[in-house]
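Trainee: Please take me closely through one part of this model, beginning with how aromatic rings pair and then moving on to the surroundings of those rings. I would like one connected account rather than a list.

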Amino acid sequence: MPASKVPRIYWLTIPQLDKLIHAGIFISLCSSAYLWLVSVFPDFEKRIAMTIVLIMALYGIIIEFIQVNFIIGRSFELLDILADLSGCLIFLGFRFFIKRL
């Protein structure tokens, strides 16, 4: 979506709040994929977790390149990539708690 079409909501104007949102989205993406795959292939838990983190990290990087090259008014932000990676790493740190869900 072009930046000009993104709705302006007052609480979203808090500086760097979007970085927390990025991290939260990637925690959710990693966790949901992990829970699904571990329920199907429980013997490969560690390999699944690492593969998910790798795929989601690449996804976060690709999203930024798509934004800058194909979406008018959007830009590349290294901090968005770092926030996405942070979400992946937070998932890794808490995956044993997530597994109990």
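Mentor: With ring centres required to lie within 6.5 Å, the count of aromatic pairs comes to four, and since the model is a predicted one, each value below is a property of that prediction. One of the pairs joins Tyr34 and Phe91, whose ring centres are 5.3 Å apart and whose planes stand at 70 degrees to each other, an edge-to-face arrangement. Because Tyr34 belongs to helix 1 and Phe91 to helix 3, this pair ties together parts of the chain that are 57 residues apart in sequence. Tyr34 has a relative accessibility of 0% and so counts as buried, and Phe91, with a relative accessible area of 0%, is buried as well.

Another pair, that of Phe94 and Phe97, is tilted, with 6.0 Å from centre to centre and 45 degrees between the planes. Phe94 and Phe97 both sit in helix 3, and because they are three residues apart there, about one helical turn separates them. Their exposure is best stated residue by residue: Phe94, at 48% relative accessibility, counts as partly exposed, whereas Phe97, with a relative accessible area of 54%, is exposed.

Both of these pairs involve helix 3, which is therefore the part to examine closely. Helix 3 covers residues 78-99, 22 residues in total, and from its first C-alpha to its last it reaches 31 Å, close to the 32 Å expected at 1.5 Å a residue. The helix is nevertheless kinked by about 55 degrees, with the kink centred on Gly93. Its buried residues are Asp80, Ile81, Ala83, Asp84, Gly87, Cys88, Phe91, Leu92, Arg95 and Ile98, and what covers them includes helix 1 (17-40) and helix 2 (45-70).

Cys88, one of those buried residues, leads to a point that deserves care. The structure holds zero disulfides; Cys30 is in none, although the sulfur of Cys88, the nearest cysteine sulfur, is 3.7 Å away. Seen from the other side, Cys88 is likewise in no disulfide, its nearest cysteine sulfur being that of Cys30 at 3.7 Å. A disulfide would call for the two sulfur atoms to be within 2.5 Å, so this pair is not counted as one. Cys30 is buried at 0% relative accessibility, and Cys88 is buried at 1%.

Helix 2 supplies part of the cover, and Glu45 lies in this helix. With a relative accessible area of 11%, Glu45 is buried, and, residues up to four places away in sequence being left out, it touches Tyr34, Val38, Arg95, Phe96 and Lys99. Tyr34 thus appears both among the contacts of Glu45 and in the edge-to-face pair with Phe91. Helix 2 as a whole has 26 residues and reaches 36 Å from its first C-alpha to its last, close to the expected 38 Å at 1.5 Å a residue. Its buried residues are Glu45, Ile48, Ala49, Ile52, Val53, Met56, Ala57, Gly60, Glu64 and Gln67, and they pack against helix 1 and helix 3.

On the side of helix 1, Leu37 gives a further view of that packing, since it lies in helix 1 and, apart from its neighbours within four places in sequence, is in contact with Ile48 and Ile52. The C-alpha atoms of Leu37 and Ile52, which are 15 residues apart along the chain, are separated by 9.6 Å. Leu37 is itself partly exposed, with a relative accessible area of 21%, whereas Ile48 and Ile52 are among the buried residues of helix 2.

As for the chain around this part, it has three helices and zero strands, running α-α-α from the N terminus on. Among contacts with a separation of 6 or more, 69% are between residues 24 or more positions apart. Buried residues make up 30% of the 101 residues, and the chain exposes about 7,100 Å², of which carbon and sulfur atoms supply 73%.

Definitions and conventions. Residues numbered from 1 in each chain as written. Predicted model: local features only at pLDDT ≥ 70, side-chain atom pairs only at ≥ 80, totals over all residues. Heavy atoms only, no water. Helix = DSSP H or I, 4+ residues; strand = E, 2+ residues; numbered from the N terminus. Expected span 1.5 Å × (residues − 1). Bend = angle between axes of the 7 residues up to and from the residue. Buried < 20%, exposed > 50% of the residue type's maximum accessible area, 1.4 Å probe, protein only. Contact = heavy atoms within 4.5 Å. Areas by Shrake-Rupley, 256 points an atom, 1.4 Å probe, with all protein chains shown as cover. Phe/Tyr/Trp six-rings, centres within 6.5 Å; stacked < 30°, edge-to-face > 60°.
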